[in-house]
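Okay, thanks for having me, everyone. Let's pull up the model and talk about the empty space inside it, and then about what packs around it.

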Amino acid sequence: MPSGLAGRQRTVLALVCAAAVSTIYGIQPVLEAAGEDLGLGEGALGWLVAAGQIGYLAGLVLLVPLGDLFDRRRLITVHLLLTAAGAGVASAAPSGGIAIAGLALAGLFAVVVQITVAYVATVSPAGERGRNIGAVTSGVVIGILGVRVVAGTLGELTDWRTVYLVIAGLCAMLALAARFTLEADIRRPRARYGQLLSSLGRLVVGDRLFLSRGLVAFFLFASFGTLWSGLALPLGDEPWHFGTTEIGLFGLAGLTGALSAARAGRWADRGLAPSVTGWSLALLAASWLLIAQARSSLWLLIVGVIVLDFAVQAVHVSSQHLLTTARPDQSSSVIGAYMAFYSLGSALGAITTTWAYSAMGWPAASLLGAAYAALGLLVATSTRRFTTPPRTQRPSASVSACPPGGRGRAEIPGE
């Protein structure tokens, strides 16, 4: 029977998530300064951003399934050290090519975030799983949004290299903290690495719960990416003309909303994940009515940002709770595959928001963000019958039982 997590362990794991994910997003507020220092032309700046994302996507497929085979505490420690190494290479890079390689390496091992979530799901009792996942994944939002504030400030006070030097040091310290704070997570694997990789494809075609939650995540983070990849455009333009520090401070509004959604884990523990998903996606779509007013009212924009990030985090925690409850023996693999939808959705949002803004301005980008939210709500509503937790998966019963008739769960060799 899982013994749960102590408060200090939840804190360490939340910081692990924050530090790891910040290696991917830390370059965004200091992008122009980094490109100028490294001698990169404007057309090549995108590679500094894309490198971490590409590495991260590869890690989701190749590295996260290792969590179902080996001690996750050891993997967390090793992956953090390698993430620190990648950030260190980026901070000391003499050229753009080496900086891109360092960022890709850091992104590859930043998937320690998903191994951390799987660790939390495994060691948590059924009645505490959602609460613990919500608390730990709050660190992801702290990393994504908080690093914008920190990096923007450090970039102006010192230089862009300091940002990655600080991240490298933090990852190294957290590796030691994880090693000596967490309990070992030793198990007897029920499948080989190759079997786990091949099972990922079957998740998409054979598991309706996974496909539903994956598509919801795709549209959810497309909406999220539309905001955070495009918000600097209207804020840097008239009438505001804000600099990187002022724009970065809007991340604090996002943090307020996302951290307020930590309670979504407790709601999921009570079997309310499908309901939370529905009303949160509706709230996400509505938030764009406020965000669209960015050129005329900063207060309406701030409220909209808070609401949007609350809704995104509530859906994200609920989805991870449902998936790890349905597949407790494959929690690493299923979270890694689920997060591939997250990465693709974020990329879609980033690409389309700049296109919409350049074509028709911020109202068009806002309409696009609302449309992504509406599509996510449509998927969640039409597939609700596949996502309602069966009685055997409620906290009062065994979490390892399958849905009636075994539907919604694809078997893998060795199970």
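So, first, what I mean by a cavity: on a 1 Å grid over the protein atoms alone, it's a set of points where a 1.4 Å probe fits but cannot get out, and a lining residue has an atom within 4 Å of a point. Keep in mind that this is a predicted model, where local features need pLDDT of at least 70 and side-chain atom pairs count only at pLDDT 80 or more, while totals for chains, interfaces and linings use all residues. Residues are numbered from 1 along each chain as its sequence is written, and side-chain values use heavy atoms, with hydrogens and water left out.

How many cavities of 30 Å³ or more are there? Two. The largest has a volume of about 110 Å³, volume being the space filled by probe spheres set on the grid points, which are joined across faces, edges and corners. Around that cavity you'll find Val140, Val141, Ile144, Phe221, Phe224, Ala258, Asp309, Val312, Gln313, His316 and Tyr342. Two or more lining residues come from each of H7, H10 and helix H16 (298–326); helices here are DSSP runs of H or I, at least four residues, numbered from the N terminus. H16 gives the most, with four residues.

Now the largest pocket, meaning an open set of points with protein on both sides within 12 Å along at least five of seven lines. Its volume is about 1400 Å³. It has 44 lining residues, and Gln28, Leu31, Val49, Trp228 and Ser229 are the closest to its centre. Helices supplying at least two lining residues include H2 (31–38), H3 (45–62) and H17 (331–360).

On to the packing. The largest nonpolar core is a set of buried Ala, Val, Leu, Ile, Met, Phe, Trp, Tyr and Cys residues joined through side-chain atoms within 4.5 Å, and buried means under 20% relative accessible area with a 1.4 Å probe, protein chains only. This core has 119 residues, and Ile76 is among those that touch the most other members. Leaving out residues up to four places away in sequence, Ile76 touches Leu13, Val16, Val112, Ile115, Thr116, Tyr119, Ala178 and Leu182, contact being heavy atoms within 4.5 Å.

Last thing, cysteines. There are zero disulfides, a disulfide being two cysteine sulfurs within 2.5 Å. Why is Cys17 not bonded? Because its closest cysteine sulfur, in Cys171, is 11 Å away, too far for a bond. Cys17 counts as buried, at 0% relative accessibility, and Cys171 is also buried at 0%.

Conventions:
Buried means under 20% relative accessible area, exposed over 50%, partly exposed in between (1.4 Å probe, protein chains only).
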